[in-house]
Amino acid sequence: CTHSPAVATQAKEQQVQHLFHLIAQRLEVAPLVARSKWNSGGAINDPAREQFILEEVQKQALAIGLNPRFAADFFQSQFDAGKLIQQQLHQEWQQQNQAPFSPAPDLARDVRPVLDALSPQLLTAIKQVEADRCQPYMQRLLQTEASPLAQFNTEVRKIAVRTLQCP
Ligand SMILES: C=C(O[C@@H]1C=C(C(=O)O)C=C[C@H]1O)C(=O)O
């Protein structure tokens, strides 16, 4: 029954859980990106690719009634968190004189499609939390349901949840 506060809260809890699960899934791709770029010598930062994704997510956001600015800010923070993971790995590999990985995934063929497939799912998930984001109960859920992000370091986690926080 949608009139029951307990059930409504449980539904919200599941939505926040799902959102964190998707954020984690996207960040889990960053080491694969790092490997393919380590082998190719390609730059970690790819502003053109980011711009392309941002335009795409803003279009999709409009189509589902989500604030495109919020969607773009959210994705920018996911890019930034993923790039930090990549930078930290490249730094380790430099220090260890890491040889090219074999096999390494191909960025365009194997890796980026995985990121792209997550985009619409992430948009749906952030739409579910958008309206109530600054309500105390939601800020509490954003704290208590963050366990899927535990595998990433504090700095990465902070960047990834940046746009979900409230003033
Ligand atoms: C993931 C990549 O690396 C960086 C992070 C991006 C992302 O998180 O989507 C996009 C472009 C790059 O700045 C990539 O090049 O695909």
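Helices here are DSSP runs of H or I with at least four residues, numbered from the N terminus, and on that basis P103 falls in the loop between α4 and α5. The model is a predicted one, and the points below take up the surroundings of its ligand, the packing of α3 against α5, the loop that holds P103, and the setting of R157 in helix α7.

**Shell around the ligand**

- The ligand is surrounded by V33, N45, D46, R49, E50, I53, Q78, F79, G82, K83, R112 and L115, and the elements that contribute two or more residues to this shell are α3 (47-63), α4 (68-95) and α5 (107-130).
- Of the elements, α4 gives the most to the shell, with four residues.
- Sorted by class, the shell around the ligand comprises five charged, four nonpolar and three polar residues.

**Packing of α3 against α5**

- The axes of α3 and α5 cross at roughly 45° and come within 11 Å of each other; because this angle lies outside the ranges for roughly parallel, roughly antiparallel and roughly perpendicular, α3 is described as oblique to α5.
- The crossing of these two helices, α3 and α5, is right-handed, and the residues that make the contact are I53, V57, Q60 and A61 from α3 together with S119, P120 and L123 from α5.
- By class, the contact of α3 with α5 has five nonpolar and two polar residues, with no charged residues.
- I53 is listed among the residues around the ligand, and I53 is also one of the α3 residues in the contact with α5.

**Loop between α4 and α5**

- The peptide bond that joins S102 and P103 is cis, with omega at about 0°, whereas most peptide bonds are trans.
- N97 also has its place in the loop between α4 and α5, and its phi is near 50°, a positive value in a residue other than glycine.
- Most residues other than glycine have a negative phi.
- N97 counts as exposed because it has 6 C-beta neighbours inside 10 Å, and the cut-off for that class is 12 or fewer.

**R157 in helix α7**

- R157 is placed in helix α7, which covers residues 154-161, and it counts as partly exposed because it has 18 C-beta neighbours inside 10 Å, where 20 or more would be needed for a residue to be buried.
- When neighbours within four places in sequence are left aside, R157 is in contact with L149 and F152.
- Between R157 and A117 the separation is 40 residues in sequence and 22 Å in space, taken from C-alpha to C-alpha.

Conventions: Residues numbered from 1 in each chain as written. Predicted model: local features only at pLDDT ≥ 70, side-chain atom pairs only at ≥ 80, totals over all residues. Near = placed C-beta within 6 Å. Nonpolar A, V, L, I, M, F, W, Y, C, P; charged D, E, K, R; others polar. Axes fitted to C-alpha atoms, helices over the stretch in contact; angles between N-to-C directions. Parallel < 35°, antiparallel > 145°, perpendicular 65-115°, else oblique. Left-handed = near helix turned anticlockwise from the far one by under 90°. Contact = placed C-beta atoms within 7 Å.
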